[in-house]
Amino acid sequence: AILSVAGEEERRYGFGLESNYPSACAGAQTAIPFSLHSAGNVTLTLHDMSGRILAQLLNEDRSPGRHEIAVSLRGVPPGVYFYAMDFNGGRQTRKMIVL
């Protein structure tokens, strides 16, 4: 399954994935904030409703603290998508609406 309980995952794996903003993206870009309790490799992927990976948004080492990445939505058709963050053996997933 692609969905997870964010609070439980944050306590267990030491990271938090926040909701993108603007939450319903009508423009060409959105921002995805996240926080890490320790340093390590972070991957963020964009998925369609069936769970298929459409794009890798991030795959790099990050230091502890709060981070934010800008994501271009050019060429992404309107619809409901999910973005997933993998870190330290855990995964969190959030919904994204593109208008």
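## Thr43 in strand 4

Thr43 is found in strand 4; helices (H or I, at least four residues) and strands (E, at least two) are DSSP runs, numbered from the N terminus. At 16% relative accessibility, Thr43 counts as buried, where buried means under 20% relative accessible area, exposed over 50%, and partly exposed in between (1.4 Å probe, protein chains only). Not counting residues up to four places away in sequence, Thr43 touches Gln56, Leu58, Asn59, Ala84, Met85 and Asp86, a contact being heavy atoms within 4.5 Å.

## Model and confidence

This is a predicted model, in which local features need pLDDT of at least 70 and side-chain atom pairs count only at pLDDT 80 or more, while totals for chains, interfaces and linings use all residues. Residues are numbered from 1 along each chain as its sequence is written, and side-chain values use heavy atoms, with hydrogens and water left out.

The mean pLDDT of the protein is 88, and 90% of its residues reach 70 or more; pLDDT is the predictor's confidence in each residue, from 0 to 100. Over residues 1-5 pLDDT stays under 50, and the model has 10 contacts beyond four places in sequence for them. Where pLDDT is low, the predicted coordinates should not be read in detail.

## Overall make-up

The protein has one helix and eight strands, and along the sequence these follow the pattern α-β-β-β-β-β-β-β-β. Of the 99 residues in the protein, 40% are buried. Among contacts with a separation of 6 or more, 59% are between residues 24 or more positions apart.

## Five-stranded sheet

Strand 4 belongs to an open sheet of five strands with the order 2-8-7-4-5 and mixed pairing; two strands pair if DSSP finds at least two bridges between them. Strand 2 (24-25) and strand 5 stand at the edges, and each has a single partner strand, so one side of each is left without a neighbour in the sheet. The pairing of strand 2 with strand 8 is parallel and rests on two bridges, with Cys25 opposite Val98 in strand 8.

Strand 7 (residues 79-87) runs antiparallel to strand 4 (residues 40-47), and five bridges join them. Strand 7 is also joined to strand 8 (residues 90-98) by nine bridges, again antiparallel, and Val80 stands opposite Ile97 in strand 8. The hairpin of strand 7 and strand 8 has two residues between the strands, and Asn88 takes a positive phi near 55° there. On the other side, strand 4 and strand 5 (residues 53-62) pair in the antiparallel sense over eight bridges. Their hairpin has five residues between the strands, and Gly51 takes a positive phi near 95° in this hairpin. His47 stands opposite Phe82 in strand 7 and opposite Ile53 in strand 5.

## Three-stranded sheet

A further open sheet, of three strands, has the order 1-3-6 with antiparallel pairing. Strand 1 (15-17) and strand 6 (65-72) are at the edges with a single partner strand each, so one side of each is left without a neighbour in the sheet. Neighbouring strands of this sheet are turned by 20° against each other on average, direction ignored; axes are lines fitted to C-alpha atoms, for helices over the stretch in contact, and angles run from 0 to 180 degrees between N-to-C directions.

Strand 3 (residues 29-36) and strand 6 are joined in the antiparallel sense by eight bridges. The bridge partner of Ile32 is Ile69 in strand 6.

## Nonpolar core

The largest nonpolar core (a set of buried Ala, Val, Leu, Ile, Met, Phe, Trp, Tyr and Cys residues joined through side-chain atoms within 4.5 Å) has 20 residues. Those with the most contacts inside it are Ile32, Phe34, Leu44, Met85 and Met96. Strands 1, 3, 4, 6, 7 and 8 each give two or more residues to this core, and strand 7 gives the most, with four residues.

Leaving aside neighbours within four places in sequence, the contacts of Ile32 include Leu17, Leu44, Leu57, Ile69, Val71, Tyr83 and Met96. Glu18, Asn20, His67 and Glu68 are also among the contacts of Ile32.

## Aromatic pair

The count comes to one aromatic pair, under the rule that rings of Phe, Tyr and Trp (its six-membered ring) pair if their centres lie within 6.5 Å, with planes under 30 degrees apart counted as stacked, over 60 as edge-to-face and the rest as tilted. Phe15 and Phe87 form this pair, which is edge-to-face at 5.7 Å centre to centre and 75° between the planes. Phe15 lies in strand 1 and Phe87 in strand 7, so the pair ties together parts that are 72 residues apart in sequence. Both Phe15 and Phe87 are buried.
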